[in-house]
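Good morning, and thank you for making time for this presentation. I would ask you to look at the sequence and the structure together while I speak.

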Amino acid sequence: MFPDYPFEPFLEALGDDHFADDPDLETLLKHRGLSDELHWKRVRTYGHFVGSSAKAAANVVDRVDTLPRMTPWDDHGREHPVGVEVHPATKRILAATLRAGAAFEPNTLLRYAMGYLASQVGEAGSMCATACTDGLVRSLQQLECGPEAKAALDHILTQAPGGPVHGAQFVTEVQGGSDAGTNATLATPVGDGSYVLTGKKWFCSNLWAQYWAVTARPADAPKGSRGVALFMVPREIDGRPNGFRVDRLKDKLGTRALPTAEMTLTGAIGYPLGRLDAGLANMVGIVLSTSRFWCTIAAAGMIRSAERIVHAYAHFREAFGRPIAEFPLVAQTLDDLSRDRRNHLAAAFEVLSAWEDPAPEAQMRGRILVQLAKTVGTSRATKRIHEGIMVLAGNGIEERFSPLPRLLRDSIILETWEGPHGLLLARSMLDLRKAGAADDAVAATRALFGTLDGPVEALGARLHDILHTPEERGAAVAFRDWAADFYDALGAAAAADAGI
Ligand SMILES: Cc1cc2nc3c(=O)[nH]c(=O)nc-3n(C[C@H](O)[C@H](O)[C@H](O)COP(=O)(O)OP(=O)(O)OC[C@H]3O[C@@H](n4cnc5c(N)ncnc54)[C@H](O)[C@@H]3O)c2cc1C
């Protein structure tokens, strides 16, 4: 006879309201100035939605038999206008998330509080789409563009019934993701302001979106980054596919509910977004920075999710007559999860305020912080989720027992997508040099902390040594460690400032 072993106490401890069980989030939002009663109502409602309906739906869309699939033809033998099909639950979660405002709510405290909550259920099919829509909307709002692009913006912001209406972004080609100046997709002018795009894109996530931001090289453009322009490409024109072919769906380690394709543009009509010779700069400065920030907020949300599960389990499970929470290494994991959740959440909102600061002198701080936050935040999420799985041990490995295995796989994608660590750390070092850190590293470190109190002198002294290390590899390795220590210190200072 097996003993009766009900898991109900563990399941009940997980709760169904991800806002209500997170008082630090409420304190932080108050501290940052969220005051409108309607905004509070919306974030509360959304917290309940993700902890109940979205959580249930997320648990079905990442299974072998529910993954996205290719649909090259429609039921009557015509080219399918999308080319891929996602699970209806992904559509429902995404539609509700976009209607809630998680991609374009003007109050960004509310927008990214919803992002933090949404990421906790680990439904990559809607998370990636929400992040990409945010980046596309920002670029449509900020860059000079024609009537087709303006109509796309209206369509997204309206979220007409029959939605979700969302965005995607295609830069990466087979010869390079980081080195996007090598883009070879060709843009040939039609003569009416539009261009015909031909070429191959190697990683196209969320391509069932109606509107894409696509980089391509105009026929007469120079080599390198300045020759790469940015276009808004509608997926369909007059109900027919707009000149593209889905070649293959990637078989990915993580974010499996999200379709990511290799795609050939066979003559897609695109409309310029911003100046042609600033396309790559705009893509990086607006669209990719937005995705990098989303990776940061999602990483904090995933740490929160792991903390909730591991805490519930460690106080439910007993071994050798004791709750496992009392074993020293389990207790350490719990403390690490709680500390990083608190500090990385607080740091993310500090990064947000730096990134959105319009003052010219604030631009560099925002840019460096987004790069460091993406790198440190996402690698920390992977580490903490991994440690959390070890607390649940056998049950942590099991895909249906909890979302931890899915969160681990998705977190590794956050690390890779939109700039792997090596690239972003190298860029941050370059930016710090541009900001004069080689001459005065303490002042540069103080500038990164903004108005927060942190161990500026100690970190500044280390940064000075790193920037004066002649050997490239030694400097890069030391800077990687510095970045983690800096970001942890920024988070601790931001959390203390907010009183969480
Ligand atoms: C699940 C998933 C979905 C994706 N979806 C999309 C999408 O929708 N649209 C899109 O455009 N792309 C997408 N990508 C591609 C992604 O953005 C790229 O993988 C990423 O930008 C890195 O490019 P790469 O893979 O070509 O690596 P590479 O650029 O070849 O980099 C390889 C290694 O070299 C290092 N490296 C490169 N340059 C430097 C440097 N200057 N200094 C130091 N180190 C460096 C990197 O850190 C990395 O470790 C997706 C990727 C994944 C995994």
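I shall go through the domains, then the ligand and its surroundings, and then a few individual residues.

Please bear in mind throughout that this is a predicted model.

Let me begin with the overall division of the chain. The protein has three domains: domain 1 covers residues 8-158, domain 2 covers 167-277, and domain 3 covers 281-498. For domain 1 and domain 3, the C-alpha centres are 22 Å apart. To the contact between these two, domain 1 contributes 41 residues and domain 3 contributes 39 residues.

I turn now to the ligand. Between which domains does the ligand lie? The shell around the ligand receives residues from both domain 2 and domain 3, and the ligand therefore lies between the two. There are 22 residues around the ligand, and those that come nearest are Gln169, Val171, Thr172, Ser178 and Ser205. By character, the shell consists of nine nonpolar, 11 polar and two charged residues.

Several backbone atoms approach the ligand. In phenylalanine 203, a polar backbone atom is 2.9 Å from a nitrogen atom of the ligand. In glutamate 418, a polar backbone atom is 3.3 Å from a ligand oxygen atom. Leucine 423 likewise places a backbone N or O atom 3.2 Å from an oxygen atom of the ligand. Taken on its own, the ligand has 970 Å² of accessible area, and the protein covers 67% of that. Which elements give two or more residues to the shell? They are strand 3 (167-170), strand 5 (195-205), helix 12 (404-416) and helix 13 (421-434).

Glutamate 418 deserves a second look. This residue sits in the loop that joins helix 12 and helix 13. Its phi is positive, near 60°, although the residue is not glycine. Its relative accessible area is 12%, under the 20% limit, and glutamate 418 is therefore buried.

A second residue with a positive phi is glutamine 159, at about 45°, and this one is not a glycine either. Glutamine 159 belongs to the loop between helix 7 (147-158) and strand 3. Is glutamine 159 buried or exposed? With a relative accessibility of 11%, glutamine 159 counts as buried.

Next, I would draw your attention to aspartate 22, in the loop between helix 1 (8-14) and helix 2 (23-32). Its relative accessibility is 2%, so aspartate 22 counts as buried. Beyond the neighbours within four places in sequence, aspartate 22 is in contact with Tyr116, Arg304 and Arg341. With tyrosine 116 there is a polar contact, side chain to side chain, at 2.9 Å.

Finally, consider aspartate 247, which is located in strand 10 (residues 244-249). Why does aspartate 247 count as partly exposed? The reason is its relative accessibility of 28%, because partly exposed covers the range between 20% and 50%. Which side chains make polar contacts with the side chain of aspartate 247? One is that of arginine 245, at 2.9 Å, and another is that of threonine 264, at 2.6 Å. Setting aside residues up to four places away in sequence, aspartate 247 touches Met70, Lys200, Glu262, Met263 and Thr264. By contrast, glycine 454 is 50 Å from aspartate 247, C-alpha to C-alpha, with their positions 207 residues apart in sequence.

How values were computed. Residues are numbered from 1 along each chain as its sequence is written. This is a predicted model: local features need pLDDT of at least 70, side-chain atom pairs count only at pLDDT 80 or more; totals for chains, interfaces and linings use all residues. Side-chain values use heavy atoms; hydrogens and water are left out. Helices (H or I, at least four residues) and strands (E, at least two) are DSSP runs, numbered from the N terminus. Buried means under 20% relative accessible area, exposed over 50%, partly exposed in between (1.4 Å probe, protein chains only). Contact means heavy atoms within 4.5 Å. A polar contact is a pair of N or O atoms within 3.5 Å; within protein, one must be able to donate a hydrogen and the other to accept it, and residues adjacent in sequence count only if both atoms are side-chain atoms. A residue is near a molecule or strand if one of its heavy atoms lies within 4 Å of it. Accessible areas come from the Shrake-Rupley method with a 1.4 Å probe; for residues, only the protein chains shown count as cover. Ala, Val, Leu, Ile, Met, Phe, Trp, Tyr, Cys and Pro count as nonpolar, Asp, Glu, Lys and Arg as charged, and the others, Gly among them, as polar. Domain bounds come from an automatic or database domain assignment.
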